[in-house]
Amino acid sequence: MPLPKGLPVVDHHCHLSPKGDGVRAAERFHAAGGTHLFLATQNYETSVPLSLDTYVRQFETTCELARKVHEEVGVRAYPVLAPYPIDIVGATAKLGAEAALELHRAALDLAGRWVRERKAVALGEVGRPHFPVNAEVATIVEAAFRHALDVAHDSDCPVVVHSSDLDPAGFLELSERAREAGLRPERVVKHYTRSPLPPGSTGGVTPSYLAHRDVVRDVARKPGPWFLETDYLDDPRRPGAVLDLATVPRRAGSIIAQDPEHGVDRLYVPFVESVERVYGWRPEIGPEGAAE
Ligand SMILES: [Zn+2]
């Protein structure tokens, strides 16, 4: 089903790598009808970052990819920057707990500065490893997460949270953490949410749903804010490990096909209204049909 012109079609969480498909993946997204991507940074090297300079280079790479995607493909890519929470595990082993926390805090400060300079739109991914860690690392993880929420508050931006799957109690705990830092819970996005949550059960935290067919069918009628994402991992060593970048526009097409009368209105929830509620602005399509 062709997507209507003028409808932003937004993947709320993906990764691109200069060593992977990069701009070509964005071309597939564009060809399927996609218009805007939230481009989360990642470690592009094979070893864990051990210096702030490494994070500077990492963030520069993400922003450079976002610029190329816009210039060469016409898809708008919004950088989302932060040191990956799991970096703490490797950095603690190499540098010790204290230095690892200091580096992580400095990298969060850097990401916050880039948000304030409008080079990025949110802090992410921040949060907790999705696997058990020892007590020492767990303590640092919590201190780093608290700092991330403080930086988001000071930078007036959303945070995109990485963690294990959360039940409603887990969402409420996140919501409490946000409030403690003075952040509206809506501005905390739980990325990689895999099962639909009843509206009103997340303490106001915004779920970003993995765009599996059954999940999309279930959440499509729910009030916002919520997002759709692929968490596309542009890793040539793991082809097919995650959803392809063309998935969100394809799902959008099937929502319209299944419900021609209300489908477009429903898609405004994740693609326009939720972005406005969480980020404070709307993704726009220009008069020529290009993402702005
Ligand atoms: Zn991710």
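Start at the zinc ion, whose donors are spaced along the chain as H-x1-H-x109-E-x105-D; donors here are N, O and S atoms within 2.8 Å of the metal (3.2 Å for Na, K and Ca), and because water is not among the atoms, sites may look incomplete. The model is a predicted one, in which local features need pLDDT of at least 70 and side-chain atom pairs count only at pLDDT 80 or more, while totals for chains, interfaces and linings use all residues. Residues are numbered from 1 along each chain as its sequence is written, and side-chain values use heavy atoms, with hydrogens and water left out.

Select H13, H15, E125 and D231 together: they give the zinc ion its protein donors, through NE2 of H13, NE2 of H15, OE of E125 and OD of D231, at 2.1 to 2.5 Å from the ion. The angles among the four donor atoms run from 84 to 175°, and the site is irregular, a word used when four donors are neither tetrahedral (all angles between 85 and 135 degrees) nor square planar (opposite donors over 155 degrees apart and all others between 65 and 115) and six are not octahedral by those latter limits.

Now keep H15 and D231, a pair that links distant parts of the chain, 216 residues apart: H15 is in the loop between β1 (10-14) and α1 (23-31), and D231 is in the loop between β8 (227-229) and α8 (247-258). Helices (H or I, at least four residues) and strands (E, at least two) are DSSP runs, numbered from the N terminus. H15 counts as buried because its relative accessibility is 4%, and buried means under 20% relative accessible area, with exposed over 50% and partly exposed in between (1.4 Å probe, protein chains only). D231, at 11%, counts as buried too.

Next, select V160 in strand β5 (residues 159-162), which is buried at a relative accessible area of 1%. The C-alpha atoms of V160 and the zinc donor E125 lie 5.2 Å apart, although 35 residues separate the two in sequence. Beyond its neighbours within four places in sequence, V160 is in contact (heavy atoms within 4.5 Å) with residues including H13, E125, H191 and Y279.

Follow the chain on to S163, in the loop between β5 and α6 (168-180). S163 is buried, with a relative accessible area of 12%, and, leaving aside neighbours within four places in sequence, S163 is in contact with R128, H130 and K190.
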